Amino acid sequence: MTILHFSDIYEITPVSGGKEGGIARVATLRNQLLARNPNTLTTLGGDLLSPSAIGTAQYEGDRLAGRQMVDVLNHFALDYATFGNHEFDIKENQFNQRIQEAKFTWISSNVFAADGHPFAGVKQNLVIPIHDKKSGKTFRIGMFGLTLPINQPSHVRYSDPLTTAHAQIAQLLDQQSDFIIALAHQNISDDIKLLQASPQIGLLLGGHEHENHQNWRGNFTPILKSDANVRSVYVVDLYFDPQTGKTEIKPTFVPINDNLAEDPGIKAVVDQWMTIAFNAFRAQGFEPEAVVTTITEALDGLESSVRNHPTNLTELIAKSLLRPYPAAELSLYNSGSIRIDDVLPAGQITVYDVIRILPFGGKVQLATIKGNLLIKVLNQGLANRGSGGFLQSAHAQQVNGTWQVNGAPIDPSKTYKLAITDFLASGKERGLDYLNSNNPDFTSINPGENYDIRQLVIDQLRNNSKN
Ligand SMILES: [Zn+2]
């Protein structure tokens, strides 16, 4: 049998300026594999519902929130998926709708609804019979699914992955599985621990790192991961010898690029959703295809960069917050509002690129903040380094351990004017719940109803190109 595996797919279209990825190209590969071997299954190792710019588009009374991806994967005829941590970014009702809409089978062994029961329709494990026409024999694949327990909204409960795996494998062996596959969305260090604890696993199809991995444990069990957004996939041929009971595994790493034609049927479905999303952005006042400017230097929006230090992109956004408020002495926003996790190459920037950078948008307000509170907030921003709560600023910086605004140490008793996103100003960021309108040291002066952060960034980009 053959398995086509990928994970961490956020975009329904190709990425890297159209050169790489694209589920319609993977559909062509899948058809080729099916023609070669009808016993071909497709697996997805988690992270498909969020985040994406398209997913934020309003349609039929709600954000798409992964509806576009589930529909595309339904047409693609995906067979099995497990949950990634990002499946729990979206609201409970959206998540439940996506589970119901999927025509593929969800397998999850350690993620449960708040009441401790599996989500409706989600399998904890599965034995997949593969019939060989030539020999008339049946090869039984046992599969279970694991997700790393880092995203914990109130509608989700996890059980320990290692203990769960142990119990699942026992069940699958009881059901006469010939070969056990773990479909897992976790860190590779945890994948390695899992294989060390459970040597009965024959193949680990993984995800989460966004980068491809082929790591053989004990020379027998491979851990396989593809690049995010189907910039690559793995094709795994499994040869089962019914005489000896042994399985031979031959993985092939396949980059997905413009050498592979797009399947016209899948491309048509993708195009429909892109039209729906672009129309929704137009209804919000954005013309997605409009060219904002041409940049000569790549803009770094990688999460590993923006959540740890300022980049040329974070500084551009920080400056754009100051545009409507000449009185503001500094600006402040959370790096988690940047979701593109990509480097924007030099060249044309469209309005859609800006939506991809800041898919959730949000208003920018003018507020006053007491110096001692500002220091506390900036320290918390630093403590949040590595996460979306790491703060980015124009004009505030730490020099030799002292916070400065415009080059002068912050005076704890002085009141400062700042441009700040409404998300941050409503106490929703990690460790910053005290930063809200109930705090006497923080006062909103202009709620910024007319200042969407995306429009300000568009204006800033246009202005930069004039200078
Ligand atoms: Zn993940």
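**View 1. Two domains contribute to the lining of the second largest pocket in this predicted model.** Domain 1 (2-264) supplies at least three lining residues. Domain 2 (286-466) likewise supplies at least three. The pocket has a volume of about 560 Å³.

**View 2. Residues around the centre of the second largest pocket.** The lining comprises 23 residues. Gly17, Gly18, Tyr352, Asp353 and Arg356 lie nearest the centre. By class, the lining divides into 12 nonpolar, 6 polar and 5 charged residues.

**View 3. Secondary-structure elements in the pocket lining.** Two helices are shown here: H6 (264-283) and H9 (351-357). Strands E20 (343-344) and E21 (347-350) join them. Each of these elements gives at least two residues to the lining of the second largest pocket.

**View 4. Protein donors of the zinc ion.** Asp47 binds through OD and Asn85 through OD1. His185 donates NE2, and His208 donates ND1. These donors lie 2.1 to 2.5 Å from the zinc ion. Angles among the 4 donor atoms run from 84 to 161°, and the site is irregular. Four donors would count as tetrahedral if all angles lay between 85 and 135 degrees.

**View 5. Sequence spacing and burial of the zinc donors.** The donor residues follow the pattern D-x37-N-x99-H-x22-H. Asn85 sits in the loop between strand E5 (80-81) and helix H3 (92-101). His208 sits in the loop between strand E12 (203-205) and strand E13 (213-217), so the pair Asn85 and His208 ties together parts that are 123 residues apart in sequence. Asn85 counts as buried because its relative accessibility is 6%. His208, at 18% relative accessibility, also counts as buried.

Note on methods
Residues are numbered from 1 along each chain as its sequence is written. This is a predicted model: local features need pLDDT of at least 70, side-chain atom pairs count only at pLDDT 80 or more; totals for chains, interfaces and linings use all residues. Side-chain values use heavy atoms; hydrogens and water are left out. On a 1 Å grid over the protein atoms alone, a cavity is a set of points where a 1.4 Å probe fits but cannot get out, and a pocket is an open set with protein on both sides within 12 Å along at least five of seven lines; lining residues have an atom within 4 Å of a point. Grid points are joined across faces, edges and corners, and a volume is the space filled by probe spheres set on the points. Helices (H or I, at least four residues) and strands (E, at least two) are DSSP runs, numbered from the N terminus. Ala, Val, Leu, Ile, Met, Phe, Trp, Tyr, Cys and Pro count as nonpolar, Asp, Glu, Lys and Arg as charged, and the others, Gly among them, as polar. Domain bounds come from an automatic or database domain assignment. Donors are N, O and S atoms within 2.8 Å of the metal (3.2 Å for Na, K and Ca); water is not among the atoms, so sites may look incomplete. Four donors count as tetrahedral if all angles lie between 85 and 135 degrees; four count as square planar and six as octahedral if opposite donors are over 155 degrees apart and all others between 65 and 115; anything else is irregular. Buried means under 20% relative accessible area, exposed over 50%, partly exposed in between (1.4 Å probe, protein chains only).
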